[in-house]
Amino acid sequence: PSLSGEVQGLMGTAMALTEVVGPPVYGALLRWSLSPTSGVFASAPFAFGAIFVLMAMAMQLRLPALETVLAHTAGLSASAIGGSKARLGDAERARAAACQDRAVGLLQAA
């Protein structure tokens with residue numbers, strides 16, 4: 001919950017930057033790809049966009065697992081953050097479940 005404002009601000013900034021930078025860059029790329037002297041295929045802007053999507057997917061793989069984030073925000077011990085649910089005690093499991101319920105509730109409200 002404490003990071004939700006930071007995440008929303010980061011997402012808003014990223015959206016604003018893409019809305020300002022994207023159309024001129026892709027418009028220029030499309031104009032250049034449609035010119036007879038360019039030597040590239042006409043759908044180059046779409047291929048360029050697909051490359052960025054693949055890069056975003058590769059970066060997403062480096063994000064921590066949801067269980068790790070929930071355990072960290074619930075204030076669980078470092079051994080519990082390791083990802084093994086078998087190592088969680090009853091109190092830690094209850095805190096993790098409560099934190100997960102709050103996260104799901106926030107996602108459903110959004």
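**View 1. Two phenylalanines one helical turn apart in α2.** Because phenylalanine 48 and phenylalanine 52 are 4 residues apart in helix α2, which covers residues 44–60, about one helical turn separates them. This view, like those that follow, is taken from a predicted model. The structure holds 2 aromatic pairs. In the pair formed by phenylalanine 48 and phenylalanine 52, the ring centres are 5.0 Å apart and the planes stand at 85 degrees, so this pair is edge-to-face. A pair of aromatic rings is described by the distance of the centres and the angle of the planes. Phenylalanine 48 counts as partly exposed, at 35% relative accessibility, and phenylalanine 52 is partly exposed as well, with a relative accessible area of 41%. Ring pairs also bring in a tyrosine, since Tyr26, Phe48 and Phe52 are linked by them into a cluster.

**View 2. A nonpolar patch on the surface, with residues from α1 and α2.** The residues Val20, Val21, Val25, Phe48, Ile51, Phe52 and Met55 form a nonpolar patch on the surface, and together they have about 620 Å² of accessible area. Two elements, α1 (4–34) and α2, give two or more residues to this patch, and the largest share, 4 residues, comes from α2. Valine 25, one of the members of the patch, is found in helix α1, and at 39% relative accessibility this valine counts as partly exposed. Phe48 and Phe52, shown in the previous view, belong to the patch and also to the ring cluster with Tyr26.

**View 3. The surroundings of serine 33 in α1.** Serine 33 is found in helix α1, the helix that also holds valine 25. Whereas valine 25 is partly exposed, serine 33 is buried, with a relative accessible area of 4%. When residues up to four places away in sequence are not counted, serine 33 touches Ser38, Val40, Phe41, Ala42, Ala44 and Pro45.

**View 4. Alanine 71 of α3 and its separation from alanine 96.** Alanine 71 is found in helix α3, which covers residues 66–73, and this alanine is buried, with a relative accessible area of 5%. Although alanine 71 and alanine 96 are 25 residues apart in sequence, they are 5.8 Å apart in space, taken from C-alpha to C-alpha.

**View 5. Two further separations, one from valine 69 and one from alanine 97.** Valine 69 has its place in helix α3, and with a relative accessible area of 36% this valine is partly exposed. The C-alpha atoms of valine 69 and cysteine 99 are separated by 10.0 Å, while the two residues lie 30 residues apart along the chain. Alanine 97 has its place in helix α5, which covers residues 90–109, and at 35% relative accessibility it counts as partly exposed. From alanine 97 to alanine 74 there are 23 residues in sequence and 9.2 Å in space, C-alpha to C-alpha.

**View 6. The whole protein and the confidence of the model.** The protein has 5 helices and 0 strands, and read along the sequence it follows the pattern α-α-α-α-α. Of the 110 residues in the protein, buried residues make up 14%, and serine 33 and alanine 71 are both buried. The protein exposes about 8,400 Å², of which carbon and sulfur atoms supply 70%. Among the contacts between residues at least 6 apart in sequence, 15% join residues at least 24 apart. The average pLDDT of the protein is 78, and 76% of the residues score at least 70. Confidence is highest in α2, at a mean of 90, and lowest in helix α4 (residues 78–81), at a mean of 50. Where pLDDT is low, the predicted coordinates should not be read in detail.

How values were computed. Residues are numbered from 1 along each chain as its sequence is written. This is a predicted model: local features need pLDDT of at least 70, side-chain atom pairs count only at pLDDT 80 or more; totals for chains, interfaces and linings use all residues. Side-chain values use heavy atoms; hydrogens and water are left out. Buried means under 20% relative accessible area, exposed over 50%, partly exposed in between (1.4 Å probe, protein chains only). Contact means heavy atoms within 4.5 Å. Accessible areas come from the Shrake-Rupley method with a 1.4 Å probe; for residues, only the protein chains shown count as cover. Rings of Phe, Tyr and Trp (its six-membered ring) pair if their centres lie within 6.5 Å; planes under 30 degrees apart count as stacked, over 60 as edge-to-face and the rest as tilted. Patches are made of residues with over 30% relative accessible area and no salt bridge: like charges are joined within 9 Å, nonpolar side chains (Val, Leu, Ile, Met, Phe, Trp, Tyr) within 5 Å. A salt bridge is a side-chain nitrogen of Lys or Arg within 4 Å of a carboxyl oxygen of Asp or Glu. pLDDT is the predictor's confidence in each residue, from 0 to 100.
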